Amino acid sequence: MGKAEGAAAAAAAAAVVAAAAAVVWRRRSGGWRAEEMARELEERCAAPGMEGLRRIAGEMSAEMAAGLAEDGESKVKMLVTFVDNLPAGSEKGLFYALDLGGTNFRVLRLQLGGKERHIVKQESREVSIPPHLMVGTSAELFGFIASELARFVDSEGGDFRLPEGRQRELGFTFSFPVRQFSIASGILIKWTKGFSIEDGVGEDVVAELTKAMEKQGVDMRVAVLVNDTVGTLAGGRYHDEDVAVAVILGTGTNAAYVEKAHAIPKWNGLYPKSGNMVINMEWGNFWSSDLPITEYDQELDAESLNPGEQIFEKLISGMYLGEIVRRVLLKMAKEAALFGDTVPAKLKTPFILRTPDISAMHHDTTPDLKIVEKKLKENLEITNTSVKTRKLVVKVCDIIAKRAARLAAAGIAGILKKQGRDTRGDGEKRTAVAIDGGLFEHYKEFRECLKSTLEELLGEAASRSVVVKLANDGSGIGAALLAASHSQYNELEE
Ligand SMILES: Nc1ncnc2c1ncn2[C@@H]1O[C@H](COP(=O)(O)OP(=O)(O)O)[C@@H](O)[C@H]1O
Ligand SMILES: O=P(O)(O)OC[C@H]1O[C@@H](O)[C@H](O)[C@@H](O)[C@@H]1O
C-alpha cells in the first residue's frame, strides 16, 4: 500500500472511531444532555418571571395607546370596528352568520325572539377549510364559502321564519386583520396563520363575498363585517353585561375590547351616541424585547408564511405550539440521541406534530405514559421509547404550553390596565373576559395556567373583580346578533 493510500486508510479508521465514540457519548449522556437542553429551554421560557410579565402587560397597554393615537404608531393595529354598541338582547328575527377562522369555517342561522325569548332556535354547520384554498385565489376561497352558504340556506326548515318580502341578512365574521370603512365594509390588510392569498390583500372582503354569493344565487345582504374577537365580545355581552374584553385563543390569537370613543385620537368619524367604540386590537402582532423568544421560535418564524410578523401569536396560538415542540424534540434527537442513534425521519416534517397532539400527551395520566407512547408511534413512527424519554417529551410540552399561557395572561392584564380595570377591589364593578377558541377550550393545562397567572398579575383584590369565562361559539352568535342590530328593517319597526 502506497503512502497516500495508507494515510487515507488511517483517516477513514480515525473517522469510524470518532463516530463510534460520539454514539457512545451521546447514548451515555443522551438522557442527561437532553435533560440539560430541557432545563435551558425552561430557563429561557420562564425568563420574564412575574416581573417580566408585568412589564409585558405594561408594554401591551402602552402599545394600545400608541395604536389608538395614530395608525402605524404601533405593531398592535387597534382597528376601529364601527361597532359602537353591543346587542342588548331585544333583537328579533331570522339572521345568518358566516364564521371564517384559521382552521374551520362555520355557517349559522338564528331565530331571535327578543328580550323574553332570546335565541328561539339555532342551527349551524362546521367544515374544515381545505388547505389548498388557504393558498389559492380569492375567488376560489369566497366561492367555497358562498357555495357552503347556499347549501345551508337551501336546508332552512319551516320553523325559521322570514317576514314576507324580506331579504335574508348576514353577519360575516372574518378572522383576519381588516381596515374597516363602515360596519359592513373593509379591506384585508394582510393574511395571517396558514393563509396566503395574494390577490385578496387590499380587497374589500364584503364585496368579494357579495360577488361570490350572487354567483351562487344567494339573495342575502351582509349587514355587518366583524372580526371573530368582536363577534365573541357581542356574543359574550348577550349573556353577561359585564363582558368588556374578548380574547381568541384558537388557531391564531387576538383580542377586542370596549374603548371610550374620546380615547381614540386617530378616530375622526361621527362621535357615537353610546360614547364607546369596540376596538379589534390584532394583538398577535405585538412584540417586546421582554418576550422569551428562543432559537426554535426564530427558526419557525423565518420559515413561516409571514416572517417577522405575528410574533406574539407565534408564541401563543394553536397553530404553532405543536410545531415549536417538534423543533425542540428534533434538536434533542440530533444532539442528545433522545430517540436513539438515528434521528426519526418524520420528526423533520414541519407541522406534523399539532397542538391537539401535545395537549393529549401533556394530559396523559397513565402510569407509563401510554398516550405519549402511542402519539410518538402514530405521528412520528418513534417506537421503543423509555418512560424516561416520554417524561422528557411531556416536560417540553409543559414548558411551551405554560409559556404561551403566561404570555396570554400578560396580554389580558395589559388590556385591563388600559381600561383601568386591573386595580378594582372588592365591591367594585365586575369585569368579565370572554375567551373563545379551540386552544383555550380544549387545553386544560394551558387554560388553568392562564387563569392562575392572571390572578397573580392582578393580585388578590383585583382578581376577585375579574372573571374569565369560556364563551363557546361566541363569534358566530355575536355576528348574527350584530347583524340583527344593524338590520335594514330596524327603522321600519321603530
Ligand atoms: N384538543 C385540543 N387541544 C389543544 N388545542 C386544540 C385542541 N383542539 C383544537 N385545538 C386548537 O384549536 C384550534 C382551532 O380553534 P377554533 O377556535 O376551533 O377554530 P379557528 O381557529 O379556525 O377559529 C386548532 O388550530 C388547534 O390548534
Ligand atoms: O379564530 P382564529 O382563526 O384562531 O383567529 C384568531 C385571530 O387570528 C389572527 O391571526 C388574526 O389576525 C385575527 O384577526 C384573528 O382574530
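In these legends, a salt bridge is a side-chain nitrogen of Lys or Arg within 4 Å of a carboxyl oxygen of Asp or Glu. The model is predicted, so to speak on paper: local features need pLDDT of at least 70 and side-chain atom pairs count only at pLDDT 80 or more, while totals for chains, interfaces and linings use all residues. Residues are numbered from 1 along each chain as its sequence is written, chains are lettered from A and ligands numbered from 1 in the order in which they are written, and side-chain values use heavy atoms, with hydrogens and water left out.

**View 1. The two domains of the protein chain.** Here we have domain 1 (1-77 + 240-472) and domain 2 (82-226), with bounds that come from an automatic or database domain assignment. Taken over C-alpha atoms, their centres are 30 Å apart. Where they meet, 20 residues of domain 1 are in contact with 17 residues of domain 2 (contact means heavy atoms within 4.5 Å).

**View 2. What domain 1 and domain 2 bury between them.** The buried area is about 1400 Å², and carbon and sulfur atoms give 59% of it (this is the accessible area, with a 1.4 Å probe, that two parts lose on being put together, summed over both). On the domain 1 side, look for Lys 77, Thr 251 and Leu 305: these supply 30% of the area that domain 1 buries against domain 2, more than any other three residues.

**View 3. Polar links between domain 1 and domain 2.** There are two salt bridges between the domains. Zoom in on Arg 179 and you'll find a salt bridge with Asp 71, with the closest N and O atoms 3.5 Å apart. Six residue pairs, both residues at pLDDT 80 or more, are in polar contact between the domains (a pair of N or O atoms within 3.5 Å; within protein, one must be able to donate a hydrogen and the other to accept it, and residues adjacent in sequence count only if both atoms are side-chain atoms).

**View 4. Ligand 2, sitting between the domains.** Domain 1 and domain 2 both give residues to the shell around ligand 2, so it lies between them. Of the 18 residues around ligand 2, Gly 102, Thr 192, Asp 228, Glu 282 and Glu 313 come nearest (near means a heavy atom within 4 Å). The shell has three nonpolar, eleven polar and four charged residues, with Gly counted among the polar ones.

**View 5. Oxygen atoms of ligand 2 and their partners.** A polar backbone atom of Gly 252 is 2.8 Å from an oxygen atom of ligand 2, and one of Phe 176 is 3.3 Å from an oxygen atom of the ligand. The side chain of Asn 254 brings an N or O atom 3.2 Å from an oxygen atom of ligand 2. Taken alone, ligand 2 exposes 400 Å², and the protein buries 95% of that (Shrake-Rupley method, 1.4 Å probe).

**View 6. Ligand 1 and its backbone partners.** Ligand 1 is surrounded by 15 residues, the closest being Gly 102, Thr 103, Asn 104, Thr 251 and Gly 438. Polar backbone atoms lie 2.7 Å from a ligand 1 oxygen atom at Thr 103, 3.0 Å at Asn 104 and 3.1 Å at Gly 102. On its own, ligand 1 exposes 570 Å², and the protein buries 76% of that.
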